[in-house]
Amino acid sequence: MTTTPSNLSRIGLAGLAVMGQNLALNIAEKGFPISVYNRTTSKVDETVERAKQEGNLPLFGFHDPESFVNSIQKPRVIIMLVKAGSPVDQTIKTLSVYLEKGDCIIDGGNEWYENTERREKAMAELGLLYLGMGVSGGEEGARHGPSLMPGGSFEAYKNIEDILLKVAAQVPDSGPCVTYIGKGGSGNFVKMVHNGIEYGDMQLISEAYDVLKSVGKLSNDELHRVFAEWNKGELLSFLIEITADIFVIKDDKADGYLVDKVLDKTGMKGTGKWTVQQAADLSVAAPTIASSLDARFLSGLKDERVEAAKIFKDSFNDVLSEQTIDKEKLIDDVRQALYASKICSYAQGMNLIRAKSIEKGWDLKLGELARIWKGGCIIRAVFLDRIKKAYDRNPELSNLLVDPEFAKEIVDRQSAWRRVVCLAINSGISTPGMSTSLAYFDTYRRERLPANLVQAQRDYFGAHTYERTDVPGSFHTEWFKIANQLIK
């Protein structure tokens with residue numbers, strides 16, 4: 001039998017896959033005795049053994065849910081880290097039999113926010129508290145300090161605040177990367193959009209890589225040096241750092257570099273898709289995030305792309321070989337294009353969060369979200385400090401693009417941005433993220449768009465009416481009749 005505590009544990013954690021194990025060990029390491037439980041008992045024993053090896057941490061394993069729940073001090077707080085959907089409902093059912101009024105369950109998975117709201121109501125009827133908490137940072141973050149996004153019962157948050165403040169990533173000058181997000185499913189929603197922004201970031205970085213490699217002909221050693229250098233400036237971030245690392249890893253099964261042997265099919269778990277669906281539902285333009293999702297869909301068509309490449313091979317054979325490229329100029333242009341595109345991606349994510357906050361009455365603080373993303377999470381970046389300051393300057397900022405500092409940075413970089421997109425297009429290299437970010441910027445900055453023609457078309461075939469620029473009110477024109485008379 002696994003070890004049991006002489007006194008009651010401060011907290012419990014159910015679900016001991018990679019994230020669960022690491023978060024449990026993190027909590028124990030911060031001095032909070034923790035009980036752990038998993039349906040597959042071998043995971044319990046494995047976690048207990050890790051706790052011994054990593055410094056005799058105060059972690060106690062249980063093979064059955066009743067003894068697990070009874071080992072936790074009241075009011076009990078239990079974090080679940082299980083697969084989203086029905087496994088969460090099943091775990092709640094298993095544990096709630098032994099819970100008492102005032103106890104609290106926290107779902108730390110990537111759950112759909114409405115499921116969290118449904119569960120919070122169901123738990124409240126049983127006298128139980130409920131939180132949906134986004135956890136970002138991967139296994140390393142979970143073990144050493146993640147970014148945490150708890151939403152739901154404020155009372156539940158206060159019950160665990162002391163633990164979360166110590167377990168979260170700690171950033172000098174801005175504090176622990178955790179805050180009470182807001183009511184209902186706001187924590188899950190914010191984590192979902194965080195993941196959508198992450199999709200955009202990763203796509204933009206992959207496009208920078210593609211242009212440098214395919215057009216600039218940079219080797220993996222050169223790519224490593226470029227990304228490592230970028231990670232010392234405005235692009236300093238976790239994703240740029242790991243990208244630089246990837247380019248130095250040699251293949252352990254054959255000659256060459258491992259990155260060149262990785263199959264070009266990107267997987268996904270659903271949060272990016274949810275983000276794009278929510279953007280559509282809320283009529284918020286999020287083209288950079290949407291293009292990153294489309295890029296993943298197209299990457300999955302590997303067999304079709306192999307066949308298409310054969311058909312179009314002769315058409316593109318000479319495109320890349322015809323160009324003379326100034327490598328250093330290209331590297332600097334791509335850096336600027338990546339940064340400008342990144343601003344657009346984050347602007348879209350923040351606008352989506354604000355729109356949902358208004359719809360649901362969550363009163364989310366966008367600057368505070370930028371603060372808790374500065375450490376621990378996958379999109380952590382020095383750039384987020386600039387976003388926080390932008391919202392500190394103007395909490396009602398309509399779009400990051402019009403913040404004076406970001407506006408100046410985009411203007412300063414737009415020539416390089418346009419050069420990179422044009423070069424990619426002329427080279428037959430797809431840069432959907434950078435291209436659509438530029439289109440987003442160009443659309444947003446224009447006082448007048450060709451939407452007048454689209455609305456006229458709608459009125460022509462569907463009598464949808466239109467507004468005028470010079471007279472208030474709605475109007476309808478018999479376009480067909482007038483056009484027929486004029487043509488006759």
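Here is a short chat about backbone geometry, a sheet and some salt bridges in a predicted model.

Student: What is omega for the cis peptide bond at Pro 75, and where is that residue found?
Tutor: Lys 74 and Pro 75 are joined by a cis peptide bond. Most peptide bonds are trans. Omega is about -10° here, and as for location, Pro 75 sits in the loop between helix H3 (65-70) and strand E4 (77-80).

Student: Is Asp 173, with its positive phi, buried or exposed?
Tutor: Asp 173 isn't a glycine, yet its phi is about 75°. Its place is the loop between strand E8 (170-171) and strand E9 (175-176). Exposed means over 50%, and Asp 173 comes in at 86% relative accessibility, so call it exposed.

Student: And Lys 217, what is its relative accessibility?
Tutor: Lys 217 also carries a positive phi, about 60°, without being a glycine. You'll find Lys 217 in the loop between helix H8 (186-215) and helix H9 (220-230). Lys 217 counts as exposed, its relative accessibility being 51%.

Student: Which are the edge strands of the open sheet with mixed pairing?
Tutor: Follow the order of its seven strands, E3-E2-E1-E4-E5-E6-E7. An edge strand pairs on one side only. That gives strand E3 (59-62) and strand E7 (147-152).

Student: What does the twist average from one strand to the next?
Tutor: We're still on the open sheet of seven strands. Going from one strand to the next, the twist averages 25°.

Student: Which residue in E5 is the bridge partner of Val 77?
Tutor: Start with the strands: E4 pairs with strand E5 (residues 104-107) in the parallel sense, over four bridges. Within E5, the partner of Val 77 is Cys 104.

Student: At about what angle does helix H7 run to E6?
Tutor: Helix H7 (residues 154-167) lies across strand E1 (11-14), E4, E5, strand E6 (129-136) and E7. Relative to E6, helix H7 runs at about 45°.

Student: How many residues apart in sequence are the parts tied together by Glu 117 and Lys 360?
Tutor: The whole structure has 40 salt bridges, one of them between the side chains of Glu 117 and Lys 360, at 3.1 Å from N to O. Glu 117 belongs to helix H5 (residues 113-125) and Lys 360 to helix H14 (residues 327-360), so the parts they tie together are 243 residues apart.

Student: Is Glu 117 buried or exposed?
Tutor: Its partner Lys 360 is partly exposed, at 32% relative accessible area. Buried means under 20%. Glu 117 has just 14%, so this residue is buried.

Student: Where is Asp 264, which meets Lys 302 in a salt bridge?
Tutor: The Lys 302 and Asp 264 side chains meet at 2.8 Å, N to O. The pair links distant parts of the chain, 38 residues apart, with Lys 302 in helix H13 (residues 302-316). Asp 264 is in the loop between helix H10 (238-246) and helix H11 (271-281).

Student: Which residue forms a salt bridge with Arg 445?
Tutor: The closest N and O atoms of this pair are 2.8 Å apart. Arg 445 is partly exposed at 48% relative accessibility, whereas its partner is buried at 16% relative accessible area. That partner is Asp 442.

Student: Which residues do salt bridges with shared partners join into one network?
Tutor: Look for salt bridges that share partners. The network they make consists of Arg 386, Arg 393, Asp 403, Glu 405 and Glu 409.

Key:
Residues numbered from 1 in each chain as written. Predicted model: local features only at pLDDT ≥ 70, side-chain atom pairs only at ≥ 80, totals over all residues. Heavy atoms only, no water. Helix = DSSP H or I, 4+ residues; strand = E, 2+ residues; numbered from the N terminus. Buried < 20%, exposed > 50% of the residue type's maximum accessible area, 1.4 Å probe, protein only. Pairing = 2+ DSSP bridges. Axes fitted to C-alpha atoms, helices over the stretch in contact; angles between N-to-C directions. Contact = heavy atoms within 4.5 Å. Salt bridge = Lys/Arg side-chain N within 4 Å of Asp/Glu carboxyl O.
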